[in-house]
Amino acid sequence: FLGRITDSVMDVEQRMGLWRFYLTGVHFAIFVLLIYLEKILTAKFNNKNWFFFLVALLGIVGYVSRKQIYVSLAICFFAFLFYNKKKNLISLIFTLVGAYLGFQYLMESMSDLNTMTVEELESDDFIRTLASSFFLFDFSQSPLYFLFGTGMVHADSPLGQLFAYYQENYHYYTVDCGIVGYYTHFGIVGTFLFMLLVVNVFIKWKRLLVWHKLYLIYNCIMFQMAFWGNSYLGLLSFILYLYIVERHLEENNACVINNIQLS
């Protein structure tokens, strides 16, 4: 429960009326959720698949991040509509009822958090939009900034103290700006190179497993909310994802070659 450096042993963080299970690396809970979601969609009914799927979903809910919860539920609903090969009516009804009850339970808490956020900021403006606009156009006018960004910034450096000033006084955090936050540190060049990896996976779309596709869709939705390139664990999960996809494609190629040779 103590996922922040400032937490004390006796001070468990609460958010939206819930004790927050501050799971380090929630991206891996997304992995488990989508892997077992595919098993539910494509295999016979299995209690183990549902168990691990629900454990991952509870981990995401316990993380108590609105964006993670909303997008995870949306992806599950999308998958049942478009990737449910079994067309299992019972599973679909079970999921829809569960999603409805979950939304009913969470909506009041989500509304309370939205109200608290507005009150804290003393503004109706969406702070992420303001911060993104600032880091895109106002933070620096140097051509080098637009091309290469600031690089990784040490907290005690003058530039690190400048970032801290904007965080403390304006609530402008680069990690809250999605892909704009990544651009802030690595510029157009770094962002373009990063996105080439994503495009390369999209090119192989037809050869991907269902959960590979759902993971891409999930991250594309999160581009401007929680870009995975802005955290070490987010990057680690993406590297693992690229490795898993590459191994899958290699195994498929090997199967094709073997079938050709046998024929």
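1. Phe 192, which lies in helix H8, counts as exposed because its relative accessibility is 53%, a value over the 50% cut-off used for that class. The model is a predicted one, and the exposure of Phe 192 should be read as a property of that prediction.

2. Phe 192 is one of the residues of a nonpolar surface patch of about 670 Å², which is made by Leu 144, Leu 147, Phe 148, Val 189, Phe 192, Leu 193 and Leu 196. Two helices, H6 (143–148) and H8 (179–203), each supply at least two residues of this patch, and H8 gives the most, with 4 residues.

3. Helix H1 (residues 26–42) has 17 residues, which at 1.5 Å a residue should span 24 Å, and its end C-alpha atoms are 25 Å apart, so the expected and modelled lengths agree.

4. As to its surroundings, H1 is largely enclosed by the rest of the structure, because 12 of its 17 residues are buried. The buried residues of H1 include the nonpolar side chains of Val 26, Ile 30, Phe 31, Leu 33, Leu 34, Leu 37, Ile 40 and Leu 41, and among them are also His 27, Ala 29, Tyr 36 and Glu 38.

5. On the cysteines, the count of disulfides comes to 0, where a pair of cysteine sulfur atoms would have to lie within 2.5 Å to be included. Cys 76 is buried, with a relative accessible area of 5%, whereas Cys 220 counts as partly exposed because its relative accessibility is 32%.

Note on methods
Residues numbered from 1 in each chain as written. Predicted model: local features only at pLDDT ≥ 70, side-chain atom pairs only at ≥ 80, totals over all residues. Heavy atoms only, no water. Patch = residues over 30% accessible without salt bridge, like charges linked within 9 Å, V, L, I, M, F, W, Y side chains within 5 Å. Areas by Shrake-Rupley, 256 points an atom, 1.4 Å probe, with all protein chains shown as cover. Salt bridge = Lys/Arg side-chain N within 4 Å of Asp/Glu carboxyl O. Buried < 20%, exposed > 50% of the residue type's maximum accessible area, 1.4 Å probe, protein only. Expected span 1.5 Å × (residues − 1).
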